[in-house]
Amino acid sequence: MDDDDDRPATFASPACFLHEIDPAYAGLPGPLDLQAWRDVNRWRKSERERLLAERLAIPAEVRAGHGEAIAARVLAEIGDVEGRIVSAYWPFRGEPDFRPFMEEVARRGGRTALPVVVEKGRPLEFHLWQAGEALSRGVWNIPVPAAANPCRPDIVIAPVVGYDPAGYRLGYGGGFFDRTLAAMAERPRVIGIGYRSARVSTIYPQLHDVPMDMIVTEACTVRPQDSTVRALT
Ligand SMILES: Nc1nc2c(c(=O)[nH]1)N(C=O)[C@@H](CNc1ccc(C(=O)N[C@@H](CCC(=O)O)C(=O)O)cc1)CN2
Ligand SMILES: Nc1ncnc2c1ncn2[C@@H]1O[C@H](COP(=O)(O)OP(=O)(O)OP(=O)(O)O)[C@@H](O)[C@H]1O
């Protein structure tokens, strides 16, 4: 018989007692939070629909003008892009058209990329792409680079459906950018872009929501850190 059988059981690592602690203390949702989360989700769904309808009601030529103004502000904001990778997106549902922006980044010596949905519920990948290169249809028929060259962007441009003054972004509800930014070891600079009319007073940020470093619209540039400092002083 093995002597070891008489020894008290030990753990390879300390036992976890987290399950005995109030979930709220552990930062996990309790029953009340779950109800609140359901309410927030319902609000976000209707707010998305409202904001998208409002965006599509802006005449195409007005949207195009706003898009150019936003791109000019972003270019001034990011400065020298030589040797850097900037991810933008292929526009749909009335988003600002950032394809000319990508061409300008390439002219200035930067490389450009598009986000790729690999699978619902998973982080996005970013694949190098520039004007003239082949595209194929990805998930939800979103155009993605035909050749898969994954990269790690230095700067990510994230289109918003809605935004708030704290820099939080409301997207299409897939949670893609939040998941992607949470999974990145080195966080890129993240710039949310959209029309000024996409502003809401709060998106009721939840634990999973990752704020943008800045939001740029045709009318203003929102720097959430500055406004926090201003609010505290
Ligand atoms: N131009 C652009 N490309 C992008 C994004 C974006 O916001 N804009 N994304 C930024 O994340 C990713 C795509 N995100 C998306 C998320 C949801 C839906 C969508 O159509 N959702 C359905 C509901 C789906 C479901 O519930 O399963 C819908 O709205 O009807 C589309 C794109 C990657 N590419
Ligand atoms: N890091 C994460 N891990 C797991 N689930 C997440 C994460 N981030 C977001 N989610 C889930 O994704 C869902 C959608 O989130 P949310 O409403 O914030 O989407 P969104 O920001 O509007 O979408 P998108 O980024 O695709 O445009 C939520 O159910 C949320 O719990």
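Visitor: In what order do the seven strands of the open sheet stand?
Guide: Keep in mind that this is a predicted model. The pairing in this sheet is mixed. Going across, the seven strands run β3-β2-β1-β6-β9-β10-β11.

Visitor: Which strands stand at the edges, and why is one side of each left without a neighbour?
Guide: Look for strands with a single partner, since that leaves one side of each without a neighbour in the sheet. The two that fit are β3 (125–128) and β11 (221–222).

Visitor: Which residue in β10 is the bridge partner of G192?
Guide: Start with β9 (residues 189–193), which runs parallel to β10 (residues 214–216) and is joined to it by three bridges. Now pick out G192; its bridge partner in β10 is I215.

Visitor: Which strands does helix α2 touch as it packs on the sheet?
Guide: Helix α2 covers residues 60–78, and its direction makes about 145° with that of β10. The strands it touches are β6 (155–159), β9, β10 and β11.

Visitor: How do α2 and α3 run relative to each other, roughly parallel or roughly antiparallel?
Guide: Their axes come within 10 Å and cross at roughly 30°. Angles under 35 degrees count as roughly parallel. So α2 and α3 are roughly parallel.

Visitor: Which residues in α3 do A71, V74 and L75 meet?
Guide: The crossing of these two helices, α2 and α3, is right-handed. By class, their contact has five nonpolar, no polar and one charged residues. On the α3 side, A71, V74 and L75 meet P100, F101 and E104.

Visitor: Which helix gives the most to the shell around ligand 2?
Guide: That shell has five nonpolar, five polar and four charged residues. G171, G174, G175, F176 and D178 come nearest of the 14. With five residues in the shell, the top contributor is helix α4 (residues 176–183).

How values were computed: Residues are numbered from 1 along each chain as its sequence is written. Chains are lettered from A and ligands numbered from 1 in the order in which they are written. This is a predicted model: local features need pLDDT of at least 70, side-chain atom pairs count only at pLDDT 80 or more; totals for chains, interfaces and linings use all residues. Two strands pair if DSSP finds at least two bridges between them. Helices (H or I, at least four residues) and strands (E, at least two) are DSSP runs, numbered from the N terminus. Two residues are in contact if their C-beta atoms, placed from the backbone, lie within 7 Å. Axes are lines fitted to C-alpha atoms, for helices over the stretch in contact, and angles run from 0 to 180 degrees between N-to-C directions. A residue is near a molecule or strand if its C-beta atom, placed from the backbone, lies within 6 Å of it. Ala, Val, Leu, Ile, Met, Phe, Trp, Tyr, Cys and Pro count as nonpolar, Asp, Glu, Lys and Arg as charged, and the others, Gly among them, as polar. Angles under 35 degrees count as roughly parallel, over 145 as roughly antiparallel, 65 to 115 as roughly perpendicular and the rest as oblique. A crossing is left-handed if the near helix is turned anticlockwise from the far one by less than a right angle, and right-handed if clockwise.
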